[in-house]
Amino acid sequence: MRTAGLDRAAGAVQGFLGTDAARKITQLFGDSATFDFSPYRAELIFVDASHAYDYVRNDSAKALALLADSRGVIVWHDYGEWPGVTRALDELAKSDARFAKLRWIRGTTLAVLDRRS
Ligand SMILES: C[S@@+](CC[C@H](N)C(=O)[O-])C[C@H]1O[C@@H](n2cnc3c(N)ncnc32)[C@H](O)[C@@H]1O
């Protein structure tokens, strides 16, 4: 595991190379199942890594733990499109009170959990 700046930028991050915003971005590399998120906190989290059921369950739990004081917004991509994502989020919404406010954004493949209040 290591931390890198934009020298190994990939995917969407590449779009910021050479801009003022690049200095504000730190790209972290690792497997979300084993990555140590404990030093980090966030107010907005976008979950869009592995679409396998077990990973989505794990990534969702990690995302929740990342919210500072359990407050903030989590957005998942590919809900309703990838079976692992859809099943994991449907189950969490029904079985875990912390995810009870999970909602699909109609007309999109996004699901959102708004825990700002
Ligand atoms: C569907 S793409 C999302 C791309 C991303 N939203 C973007 O705009 O660059 C999934 C990305 O998650 C990465 N990925 C897949 N499984 C992962 C895992 N277990 N841990 C971390 N990243 C993973 C893939 O390598 C890929 O870059």
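A nonpolar core, as the word is used in these legends, is a set of buried Ala, Val, Leu, Ile, Met, Phe, Trp, Tyr and Cys residues joined through C-beta atoms within 7 Å.

**View 1. The whole chain, as a predicted model.** What you have here is a predicted model, so treat the close-ups that follow in that spirit. The secondary structure adds up to two helices and six strands. Going along the sequence, they come in the pattern β-β-β-α-β-α-β-β. Of the 117 residues in the chain, 15% are buried. As for contacts between residues at least 6 apart in sequence, 58% of them link residues at least 24 apart.

**View 2. The largest nonpolar core and its best-connected members.** This core has 14 residues, and Trp76, Val85, Leu89 and Leu102 are the ones that touch the most other members. Helix 1, strand 4, helix 2 and strand 6 each put in at least two residues. Helix 2 gives the largest share, with four residues. Zoom in on Leu89 and, setting aside residues up to four places away in sequence, you find it touching Trp76, Tyr79, Leu102 and Ala111. In soluble globular proteins, nonpolar side chains tend to be buried together.

**View 3. Helix 2 and what its buried residues pack on.** Helix 2 covers residues 83-95. Its 13 residues reach 18 Å from first C-alpha to last, close to the 18 Å expected at 1.5 Å a residue. Which residues of helix 2 are buried? They are Val85, Thr86, Ala88, Leu89 and Leu92. An α-helix has 3.6 residues a turn, so residues three or four places apart point the same way. The partners that the buried residues of helix 2 pack against are helix 1, strand 4 and strand 6.

**View 4. Val56, a contact point between the helices.** Val56 sits in helix 1. Is Val56 buried or exposed? Burial here takes 20 or more other C-beta atoms within 10 Å, and Val56 has 26, so it counts as buried. Once its neighbours within four places in sequence are left aside, the contacts of Val56 are His51, Gly84, Val85 and Ala88. Have a look at Arg87 too: it is 31 residues away from Val56 along the chain, yet their C-alpha atoms are separated by 9.3 Å.

**View 5. The open sheet, strand by strand.** Four strands form an open sheet in the order 3-4-6-5, and the pairing is mixed. Strand 3 and strand 5 (103-104) are the edge strands; each has a single partner strand, so one side of each has no neighbour in the sheet. Helix 1 packs on this sheet and touches strand 3 and strand 4, with its direction at about 170 degrees to that of strand 3.

**View 6. The parallel pair and its crossover.** Strand 3 (residues 44-47) and strand 4 (residues 73-76) run parallel and are joined by four bridges. Phe46 has Val75 of strand 4 as its bridge partner. Put helix 1 (residues 53-66) between the two strands, and you get a right-handed β-α-β unit.

**View 7. Strand 6 and its antiparallel partners.** On one flank, strand 6 pairs with strand 4 in the antiparallel sense over four bridges. Val73 is matched there with Asp114 of strand 6. Strand 5 also pairs with strand 6 in the antiparallel sense, this time over two bridges. In that pairing, Trp104 has Ala111 of strand 6 as its bridge partner. What are the two faces of strand 6 made of? Ala111 and Leu113 are on the covered face, while Val112 and Asp114 are on the uncovered one. The hairpin of strand 5 and strand 6 has six residues between the strands, and Gly107 takes a positive phi near 85 degrees in it.

**View 8. Two positive phi values in the loop before strand 4.** Asp69 lies in the loop between helix 1 and strand 4, and so does Ser70. Asp69 is not a glycine, but its phi is positive, at about 55 degrees. Ser70, another residue other than glycine, has a positive phi near 60 degrees. Are these residues buried or exposed? Asp69 is exposed, with 8 other C-beta atoms within 10 Å. Ser70 has 10 C-beta neighbours inside 10 Å and also counts as exposed.

Note on methods:
Residues are numbered from 1 along each chain as its sequence is written. This is a predicted model: local features need pLDDT of at least 70, side-chain atom pairs count only at pLDDT 80 or more; totals for chains, interfaces and linings use all residues. Two strands pair if DSSP finds at least two bridges between them. A crossover is right-handed if, with the strands pointing away from the viewer, the path from the first strand over the helix to the second runs clockwise. A residue is buried if 20 or more other C-beta atoms lie within 10 Å of its own, exposed if 12 or fewer, and partly exposed in between; C-beta atoms are placed from the backbone. Two residues are in contact if their C-beta atoms, placed from the backbone, lie within 7 Å. Axes are lines fitted to C-alpha atoms, for helices over the stretch in contact, and angles run from 0 to 180 degrees between N-to-C directions. The expected span of a helix is 1.5 Å times one less than its number of residues.
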